[in-house]
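Thank you all for coming; I would like to take a few minutes to walk through one chain and the way its parts meet. Please look at the sequence and the structure first, and then we will go through them together.

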Amino acid sequence: MQTLLDTSLSSFARADLLQGPTPIQRAERLEQLLGLKAQGIGLFLKRDDHMLIGGGGNKLRKLEFHLGAALAAGVDTIITIGGLQSNHARLTAAVCARLGIACELILTRSVPKTEVDYELNGNVLLDQLFGAALRVLAGGSDSLAEAEKRAEQLRLEGHKVLVIPTGGSTPLGSLGYARCAAEIAQQESELGITFNQVVVPNGSAGTHAGLAAGFELLERGTSLVKSYSVLSDRESSAARTRQLTQDVLGLLGSSTVVQASEIVIDGSQLGDGYGLPTQAMQEAVRLMARAEGLLIDPVYSGKAFAGLVADLRDGRFRRGNNVLFVMTGGTPGLYAYREAFQD
């Protein structure tokens, strides 16, 4: 049955980059190791790392709508920005390679790490393999202003250029996760279960905001989604996420007003800052790898999963609850953080 959300989303151009829904699997070994089975709590994983282009990850959902608009407008060059090890930059480069569009990346040294692996491995290596033109700026630089300046230069040369901000987390890009909310609802029906909480990391807020808006239009409420901030403090993340959720709802034609209390964000896992390892993150990455044979990244899912594990151990869920953890990808980043995991 088509929902209001489906109808609203259908009016936007979308490039099919996922080629079908990503799977949901039960984390049975984690349930055993964390004592969840005895408590009657189900833990499930939404495999948004399980995609076909560029190593996969949540940014592909956002790029579906950005690239849909770009293709409709005849864009021949895309410029985007991010940190040196940006997953969004890597996937933008991969998608542009797939579609035959020129790609320029303006990356900023936003994390105080200078190891050779961080500078040259992981996403940076893949950016180059995908054929993107890279420019690296010092930390604190206004990369968006530089991107706009470069775009204007290319336009004067006759190019059609699209600039995509950090993480693709605009209202348009966040439609990718509103669409994911509909996908999850369909999978709930197929699996015969209902999720009591959907858990994600929160960096540039687009994943949380898109899901919150989607579930609001599905009459499940924005508070079904909980995120762990990995980019900034809880208050800043909450304000950014609330505004973006409001903007996404407006784009979808909804007049719903999002209250601050309906945006659920936990700031406990940030540590010393964005991209900086924590002991809890390292333990969470190892737990997922050794319990399920699955990889999560050190910047986003690693910290979010650490927060979820803490909540599960602290008894914050009740018997009969089902929890869905969205694995947002970014695993190439593990190779950039080799020193954090080397035994």
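**Two domains and their interface**

The end C-alpha atoms of residues 17–329 lie 15 Å apart, and this span is 45% helix and 17% strand, where helices (H or I, at least four residues) and strands (E, at least two) are DSSP runs, numbered from the N terminus. In UniProt, an unreviewed entry lists residues 17–329 as "domain: Tryptophan synthase beta chain-like PALP", with positions given in the numbering used here, feature names shortened, and annotations that may be inferred rather than shown by experiment.

Before going on, please keep in mind that this is a predicted model, in which local features need pLDDT of at least 70 and side-chain atom pairs count only at pLDDT 80 or more, while totals for chains, interfaces and linings use all residues. Residues are numbered from 1 along each chain as its sequence is written, and side-chain values use heavy atoms, with hydrogens and water left out.

The domain assignment, whose bounds come from an automatic or database source, gives domain 1 (4–56 + 170–341) and domain 2 (59–164), and their C-alpha centres lie 24 Å apart. How many residues of domain 1 are in contact with domain 2? There are 41, and they meet 31 residues of domain 2, contact meaning heavy atoms within 4.5 Å.

Between them the two domains bury about 3,000 Å², with 63% of it on carbon and sulfur atoms; buried area is the accessible area (1.4 Å probe) that two parts lose on being put together, summed over both. On the side of domain 1, Leu17, Ile53 and Ala336 lose the most area to domain 2, together 19% of what that side buries.

Five salt bridges are counted between domain 1 and domain 2, a salt bridge being a side-chain nitrogen of Lys or Arg within 4 Å of a carboxyl oxygen of Asp or Glu. Glutamate 64 forms a salt bridge with arginine 14, with the closest N and O atoms 3.1 Å apart.

Across the whole structure, the search finds 19 salt bridges. In one of them, glutamate 183 pairs with lysine 46, their closest N and O atoms being 2.5 Å apart. Because glutamate 183 lies in helix α9 and lysine 46 in strand β2 (residues 42–47), this pair ties together parts that are 137 residues apart in sequence.
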